[in-house]
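Hi everyone, thanks for making the time this morning. Could you all bring up the sequence and the model, so that we can walk through them together?

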Amino acid sequence: MSNQEQTLEGAIHQYLEKHGFEALCPKAVLFDMDGVLYDSMSNHAVAWQRSMATFGIQMTELDAYLTEGARGVDTIREMVRRQQGREITEQEAQLMYDEKTRQFHQMQKPPVMSGIPELLRQLHDDGLQMGVVTGSGQRPLIERLLHDFGEYLDERHIVTAYDVKRGKPHPDPYLMGLQKAGNLQPWQALVVENAPLGVRAGSASQVFTIAVNTGPLPEDALLNEGANLLFDKMTSLSNTWSDLWQTIQKFA
C-alpha cells in the first residue's frame, strides 16, 4: 500500500471512529463557492476593504480570508461590534453589505478555479450529485453558478445565506445542503471547503470535510478547524480524486 493510500484510509478511519459511523458512502459533494469553485477571493478581499472603509471599518485581506464563508451581514455586524463598540441591526448590515456587493461587481469576473472542471467531470462519472453551500445571497452569483455548472448543478441544490438563519461556522448551511441533496445523512456526502469557518461548519455537520488551501492561510488554520483531508490546491484534489474514490469504496 502506498503512503497516499495509507493517508487516505487513515483519514477515513479517524472520521468514522470520531462520529461512530459504520460506513462512508457519499451520494453528493457539497462545495463552497468562493475560493473553491471560483478563484474569486482576491476580488472579495479588495471589495471588502474598499466598501468597509467607507463606513469607517478597517478590514484587511487576512480578515477577508478568515471570515470567508460566513454570511456577509454577520461579518459586518461583528466588525462593527469589535471596532465601533455598537450593535447594528441585520437591516443596517445588509445596507453595508450591498455596498460590498456593488464594489465586487465592478471588478472583472473571477475565473473558474483551476482543476474544478476536471474534478466535476470525475464526480459526475462516479455518479455523485453536486451541491453548493455559500454564504452569499447575491442573485448574479447564483445565476453564474447555473450558467457555468448547469451540466452538473440544479438550483434546488444550492444553499445561500437566505436559506439559513445561522451561517457558517454553524453547521446549519451544510445540514441544509444535506436536506436539499435528498435528506441525506452526514456519512452520505463530502464537503469541499477552503475557509476556516467553512471547514468548522462542515466538521460540525459531521460530513467528511476536505479542505483545499487556495489562499494565503497556514495549513493549521484549516486542520485545526476539523478538516479530514487537506490539499494545497484544487488541481491536487482533482488529480487525487480517482485514488480517493477507490479508497472510499472500501468503506461503503
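Let's begin with Gln206, which sits in the loop between helix H9 (196-204) and strand S5 (208-212). Gln206 is not a glycine, yet its phi is positive, at about 70 degrees. Is Gln206 buried or exposed, or somewhere in between? Its relative accessible area is 31%, so Gln206 counts as partly exposed. Please keep in mind that this is a predicted model.

There is another residue of this kind. Asn183 has a positive phi of about 55 degrees, and it is not a glycine either. You will find Asn183 in the loop between H8 and strand S4 (189-193). With 58% relative accessibility, Asn183 counts as exposed, because the cut-off for that class is over 50%.

One more backbone detail, then we go on to the sheet. The peptide bond that runs from Lys168 to Pro169 is cis, and its omega is near 20 degrees. Pro169 belongs to the loop between S3 and helix H8 (172-180). Please remember Pro169, as we will meet this residue again.

Now the sheet. It is an open sheet of six strands, in the order S3-S2-S1-S4-S5-S6, and the pairing is parallel. Which strands are at the edges? They are S3 and strand S6 (229-231), each of which pairs on one side only.

Let's zoom in on S2. Strand S1 (residues 28-31) and S2 run parallel and are joined by four bridges; in this pair, Val29 stands opposite Met130. S2 is also joined to strand S3 (residues 158-159), by two bridges, and that pair runs parallel too. Here Val132 faces Ile158 across the pair, and Val133 stands opposite Val159. Why can we call S2 largely enclosed by the rest of the structure? Because four of the five residues of this strand (residues 129-133) are buried. S2 and S3 also take part in a right-handed β-α-β unit, together with helix H7 (residues 139-149).

Staying with S3, let's look at Ile158, which is found in that strand. Its relative accessible area is 3%, so Ile158 is buried. Not counting residues within four places in sequence, the contacts of Ile158 are Val132, Ile142, Leu145, Leu146, Leu153, Asp163 and Lys180. For a sense of distance, the C-alpha atoms of Ile158 and Trp187 are 19 Å apart, and these two residues are separated by 29 residues along the chain.

Next to look at is His157, in the loop between H7 and S3. His157 has 17% relative accessibility, and since buried means under 20%, it counts as buried. Beyond residues up to four places away in sequence, His157 touches Gln129, Met130, Gly131, Val132, Lys180 and Ala181.

That leads us to the nonpolar cores. In soluble globular proteins, nonpolar side chains tend to be buried together. Here the largest nonpolar core has 44 residues, and the members that touch the most others are Phe31 and Leu145. The element that gives the most to this core is helix H11 (residues 234-249), with six residues. If you click on Phe31 and set aside its neighbours within four places in sequence, you will find contacts that include Leu37, Ile116, Leu123, Met130, Val133 and Val192. There is also a second, separate core of 14 residues, with Met52, Ile57, Ala64 and Met96 among them.

Finally, the empty spaces. How many cavities of 30 Å³ or more are there? The count is four, and the largest holds about 190 Å³ of space. Its lining has 19 residues, and those nearest the centre are Asp34, Trp48, Glu68, Gly69 and Ala70. Helix H2 (41-53), helix H3 (61-67), helix H4 (72-84) and helix H5 (90-105) each give two or more residues to that lining, and H2 gives the most, with three.

The largest pocket holds about 260 Å³ of space. It is lined by 15 residues, and here is Pro169 again: the closest to the centre are Ala70, Asp74, Thr75, Glu78 and Pro169. H4 gives the most to the lining of this pocket, with seven residues.

That's my tour, and I'm happy to take questions!

Methods
Residues numbered from 1 in each chain as written. Predicted model: local features only at pLDDT ≥ 70, side-chain atom pairs only at ≥ 80, totals over all residues. Heavy atoms only, no water. Core = buried A, V, L, I, M, F, W, Y, C linked by side-chain atoms within 4.5 Å. Buried < 20%, exposed > 50% of the residue type's maximum accessible area, 1.4 Å probe, protein only. Contact = heavy atoms within 4.5 Å. Pairing = 2+ DSSP bridges. Right-handed = clockwise from strand over helix to strand, strands pointing away. 1 Å grid on protein atoms, 1.4 Å probe; cavity = no way out; pocket = protein on both sides within 12 Å on 5 of 7 lines; lining within 4 Å. Points joined across faces, edges and corners; volume = space filled by probe spheres on them.
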